[in-house]
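Student: I'm new to this one, so could we go through it together slowly? I'd like to ask short things as they come to me.
Tutor: Of course, let us put the structure up and begin with a pair of helices.

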Amino acid sequence: MLDVIYYPVSAVLWCWHQLFAVPLGPASGLAWLLAVIALVVTVRALLVRTALRQARSQKVLRALQPQMDTIRRTHRDDPRAQAEKIRLLHREHGVSMFAGFVPLIAQGLVFLGLFHVLRSFDRTGTYAVGPFASTDSPLPVEVNSATANYLFGAPEVRAFLDARLFGAPLSATLSGAGEVFVAVAVLAVPLVLIAAIATHVTARLTPPAGDNSTATIMRNLSLWVFPAGALIGGAILPVVVLTYFATNALWTCGQQYLIRRTIDAETAAEKALVTTAARATAPRPGVKPQRRKR
C-alpha cells in the first residue's frame with residue numbers, strides 16, 4: 001500500500017548510490033552513507049520555499065495573537081463562532097495552517113520510506129523486532145541476498161550487506177553490535193551527539209509560538225525531550241538510519257538559522273519603511289500644521 005512512497009525513495013537513493021559507487025565502489029560503506037546524506041539534501045532542498053512560507057506565516061500568527069486572544073475571550077461560550085472568527089482572521093491575513101504541516105508530513109513520509117527500504121536489504125529476521133517490526137516472514141540468507149529490494153537489484157543488495165565503514169556493518173545498532181561494538185560506537189556516538197545538539201540548537205533558534213502554557217510545554221519538549229529522544233534512539237537505530245537523522249537535524253538547524261536571519265531582515269526593512277513613511281508625512285520643524293477645511 002505504501003509502495004507509492006517506497007519506490008520514489010529507493011529511486012533517489014539508487015541514483016545517488018550509483019554516482020558515489022563510481023569512485024568508491026558499490027560495496028563501500030562511505031558510498032552508501034553519502035547516498036543517504038544526498039537523499040536528505042535533495043528532499044530538504046525541495047522543501048526550502050515551503051519552510052520559508054511557513055516561517056512567514058508563523059510571524060503573522062505571532063502578530064495576530066492579541067486579536068485571537070480577544071476572540072477567544074469574546075466567544076468563550078461559543079467554540080463554533082470562535083473557530084469561525086479565527087479562521088476568517090487567518091484568511092484575511094493569508095495564513096494557511098495546513099502549509100505548516102507540509103514539511104513535517106513530507107519528512108515523515110521520506111523517513112518511513114527510507115527506513116523500510118534500508119531494513120528491507122536484510123530480511124533474514126534481524127529487523128523483525130522492535131517498534132518498526134515487520135510481519136513478513138524472514139528469508140534464508142541465500143534467498144535474501146539474491147532478492148531485489150525495490151529498485152535495488154540483487155547485486156546492490158549484496159553490496160549493501162557487505163558494506164562496512166571502520167569495520168562496522170551499516171545495519172548494525174549499538175544494542176546489537178556484539179563483537180563489533182567499538183566499531184559501531186565510533187560511528188553511532190558522533191551521529192547521535194550531532195542529532196541531539198542540532199535539535200537543541202534548532203529549538204533555541206525557533207521563536208516561541210506564544211506565551212501560553214501550551215507554547216511553553218512545546219518549547220520545553222523541543223529544547224530537552226526531543227534531543228533526549230535522539231540520544232535514546234541512538235542505541236536502537238542502525239548506523240545508516242542514524243546518518244539520516246544527523247543529516248536531517250543539521251540541515252534543519254542551518255535552515256532555521258538562515259530563515260531567522262531572513263525574517264529578521266524583512267522585519268527590519270518593514271520597520272524602516274514605516275519610519276520613512278511617517279517622517280515623510282510629518283510636518284517640518286517650525287511649520288505650523290495645517291488644519292483640513294471642513
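Tutor: Helix H1 (residues 3–24) packs with helix H2 (residues 29–46) at an angle of about 135°, and their axes are 8 Å apart. H1 is therefore oblique to H2, given that angles under 35 degrees count as roughly parallel, over 145 as roughly antiparallel, 65 to 115 as roughly perpendicular and the rest as oblique. The axes are lines fitted to C-alpha atoms, for helices over the stretch in contact, and the angles run from 0 to 180 degrees between N-to-C directions.

Student: And how does H1 pass H2, in a right-handed or a left-handed crossing?
Tutor: H1 passes H2 in a right-handed crossing; a crossing is right-handed if the near helix is turned clockwise from the far one by less than a right angle, and left-handed if anticlockwise.

Student: Before I go on, what sort of model am I looking at?
Tutor: This is a predicted model, in which local features need pLDDT of at least 70 and side-chain atom pairs count only at pLDDT 80 or more, while totals for chains, interfaces and linings use all residues. Residues are numbered from 1 along each chain as its sequence is written, and side-chain values use heavy atoms, with hydrogens and water left out.

Student: OK, how many helices and strands are there?
Tutor: The protein has 10 helices and two strands, and from the N terminus the order of elements is α-α-α-α-α-α-α-β-β-α-α-α. Helices (H or I, at least four residues) and strands (E, at least two) are DSSP runs, numbered from the N terminus.

Student: How much of it is buried?
Tutor: Of the 294 residues in the protein, 37% are buried, where buried means under 20% relative accessible area, exposed over 50%, and partly exposed in between (1.4 Å probe, protein chains only). One buried residue is Leu-114, at 2% relative accessibility, and Leu-114 lies in helix H5. The C-alpha atoms of Leu-114 and Val-9 are separated by 6.3 Å, although these residues are 105 apart along the chain.

Student: Different topic: how many salt bridges does the structure hold?
Tutor: It holds four, a salt bridge being a side-chain nitrogen of Lys or Arg within 4 Å of a carboxyl oxygen of Asp or Glu. One of them joins the side chains of Glu-266 and Arg-56 (2.5 Å, N to O). This pair links distant parts of the chain, with Glu-266 in helix H10 (residues 239–281) and Arg-56 in helix H3 (residues 48–74), 210 residues apart.

Student: Are those two side chains buried or partly exposed?
Tutor: Glu-266 is partly exposed, with a relative accessible area of 24%, and Arg-56 is partly exposed as well, at 33%.

Student: What about a salt bridge within one helix, say the one with Asp-69?
Tutor: The side chains of Asp-69 and Arg-72 meet in a salt bridge at 3.3 Å, N to O. Because Asp-69 and Arg-72 are three residues apart in helix H3, about one helical turn separates them. Another salt bridge joins Glu-84 and Arg-87 (2.5 Å, N to O), and both of these lie in helix H4 (residues 79–92), three residues apart, about one turn of the helix.

Student: So how do H3 and H4 sit against each other?
Tutor: They pack at an angle of about 155° with their axes 10 Å apart, and H3 and H4 are therefore roughly antiparallel to each other. Their crossing is right-handed.

Student: Now the loops: what is the phi of Tyr-150?
Tutor: Phi of Tyr-150 is near 55°, a positive value in a residue other than glycine. Most residues other than glycine have a negative phi. Tyr-150 is in the loop between helix H6 (141–145) and helix H7 (154–162), and at 23% relative accessibility Tyr-150 counts as partly exposed.

Student: Where is Phe-166, then?
Tutor: Phe-166 is in the loop between strand S1 (164–165) and strand S2 (168–169). Phe-166 also has a positive phi of about 55° although it is not a glycine, and at 61% relative accessibility Phe-166 counts as exposed.
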